[in-house]
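Let's take a quick walk through this one, with a look at one strand and its partners, then a single side chain, and finally how far to trust the coordinates.

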Amino acid sequence: MFSSRYLAGCLSHTVLPSLTRASFVHSRGVATRTVTLIPGDGIGPEISDSVVEVFKVAGVPIQWEPVVVSPETGVSDDVIASVNKNKIGLKGPLATPIGKGHMSLNLALRKSFNLYANVRPCLSIPGFKTRYDNVDVVVIRENTEGEYSGIENVPVKGVAQSIKIITAEASRRIANYAFQYAMQHNRKTVTAVHKANIMKLSDGMFIKTAREVATRYPNIKYEEMFVDNCCMKLAMNPQRLDVMVLPNLYGDIVSDLCAGLIGGLGLTPSGNIGDNGAAIFEAVHGTAPDIAGQNKANPTALLLSSIMMLRHMGMRDYADRIERAVLGTIREGKTITGDLGGSSGTKEFTQAVCKALKQ
């Protein structure tokens with residue numbers, strides 16, 4: 001399947017100096033890959049620590065290169081250089097002050113590396129009961145434009161406007177990605193989600209382009225759905241949907257809705273894919289400052305995102321082993337965090353996953 005001050009040493013494991021991708025050979029004779037690590041804010045360093053520990057126990061041939069992204073530093077030259085060099089990154093949650101004039105740091109990262117596709121698989125976790133069973137949907141969200149283009153102004157006092165940008169180029173790129181994803185993962189249907197009955201030009205362009213792309217993939221069923229109707233169908237019968245492709249804002253909303261179907265953002269992985277070879281995988285939940293540093297955070301979302309990352313890098317055997325350990329620990333239910341109904345802490349959950357890896 002599927003804090004900004006981190007560099008001071010919040011990970012309990014040694015971070016080796018930055019090396020080129022094939023300059024270090026793992027003990028099993030596999031070339032070690034260097035991955036950029038953005039621990040993030042709040043609980044970010046704790047859940048990043050969990051991933052590093054699990055990877056160490058699993059013997060994953062990865063070397064971490066930590067960098068800082070914060071409201072003070074933004075996406076600095078060091079961050080850009082690290083991701084451009086390594087091409088792969090793993091990111092914890094980032095805090096952005098609300099209404100303070102700061103550009104979202106997540107948005108800044110997407111723009112810096114042209115991470116045009118956000119991929120969010122939402123799959124029911126065996127042994128963890130929610131209101132819905134057998135959920136298996138994938139949300140593919142256009143990541144670079146729409147309402148999140150960042151173009152806002154106040155033309156006159158008391159009036160604020162936000163400009164929505166939809167281009168044929170970006171729509172074609174995300175639609176192609178959705179169909180390619182469906183083919184590669186043996187999915188049957190791609191649903192383009194829109195509101196072209198109201199936004200006839202912007203969403204109209206998105207849906208017109210998706211239709212054109214769909215003609216190139218005759219073996220994948222193509223359908224269209226208004227975003228409000230899509231939300232209703234997900235609430236009534238999520239098994240009805242398969243792969244959804246959406247403009248930016250709709251994708252943001254629908255992906256969180258889908259996360260709720262399987263237990264919340266704490267159980268949902270996410271990856272951002274660029275057309276220049278860069279990819280950043282992330283936990284999409286918040287920074288949870290109220291529990292930061294208290295050994296209460298659930299690292300599952302970042303662990304599952306790191307599993308997505310390993311598969312993206314072609315390290316499927318490691319991904320499968322870690323996935324079995326994580327899902328097995330949740331299914332067993334003895335050492336799970338409070339948000340999952342248990343009483344264990346971050347470290348105890350991580351230790352249980354590591355124990356499962358050793359068995």
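## Strand 4 and its partners

Strand 4 pairs with strand 5 (residues 136-142) through seven bridges, and the two run antiparallel. Keep in mind that this is a predicted model. One of the pairings puts Pro 121 of strand 4 across from Val 138 in strand 5.

Strand 4 also pairs with strand 11 (residues 269-273), again antiparallel, this time by three bridges. Here Asn 118 sits opposite Asn 272. Side by side, the two pairings look like this:

| Partner of strand 4 | Residues | Bridges | Direction |
|---|---|---|---|
| Strand 5 | 136-142 | seven | antiparallel |
| Strand 11 | 269-273 | three | antiparallel |

How enclosed is strand 4 by the rest of the structure? Largely, because six of the seven residues in strand 4 (residues 117-123) are buried.

## Thr 209

Now hop over to helix 5, which spans residues 202-214 and holds Thr 209. Is Thr 209 buried or exposed? Thr 209 counts as buried because its relative accessible area is 4%, and the cut-off for buried is under 20%. The Thr 209 side chain reaches the backbone oxygen of Met 205 at 2.7 Å. Setting aside neighbours within four places in sequence, Thr 209 touches Ala 168, Ser 171 and Arg 172.

## How far to trust it

The chain has a mean pLDDT of 89, with 90% of its residues at 70 or more. Residues 1-25 are another story: their pLDDT is below 50, although the model gives this stretch 66 contacts beyond near neighbours in sequence. Where pLDDT is low, don't read the predicted coordinates in detail.

Notes
Residues numbered from 1 in each chain as written. Predicted model: local features only at pLDDT ≥ 70, side-chain atom pairs only at ≥ 80, totals over all residues. Heavy atoms only, no water. Helix = DSSP H or I, 4+ residues; strand = E, 2+ residues; numbered from the N terminus. Buried < 20%, exposed > 50% of the residue type's maximum accessible area, 1.4 Å probe, protein only. Polar contact = N/O pair within 3.5 Å; in protein donor to acceptor, adjacent residues only side chain to side chain. Contact = heavy atoms within 4.5 Å. Pairing = 2+ DSSP bridges. pLDDT = per-residue confidence, 0-100.
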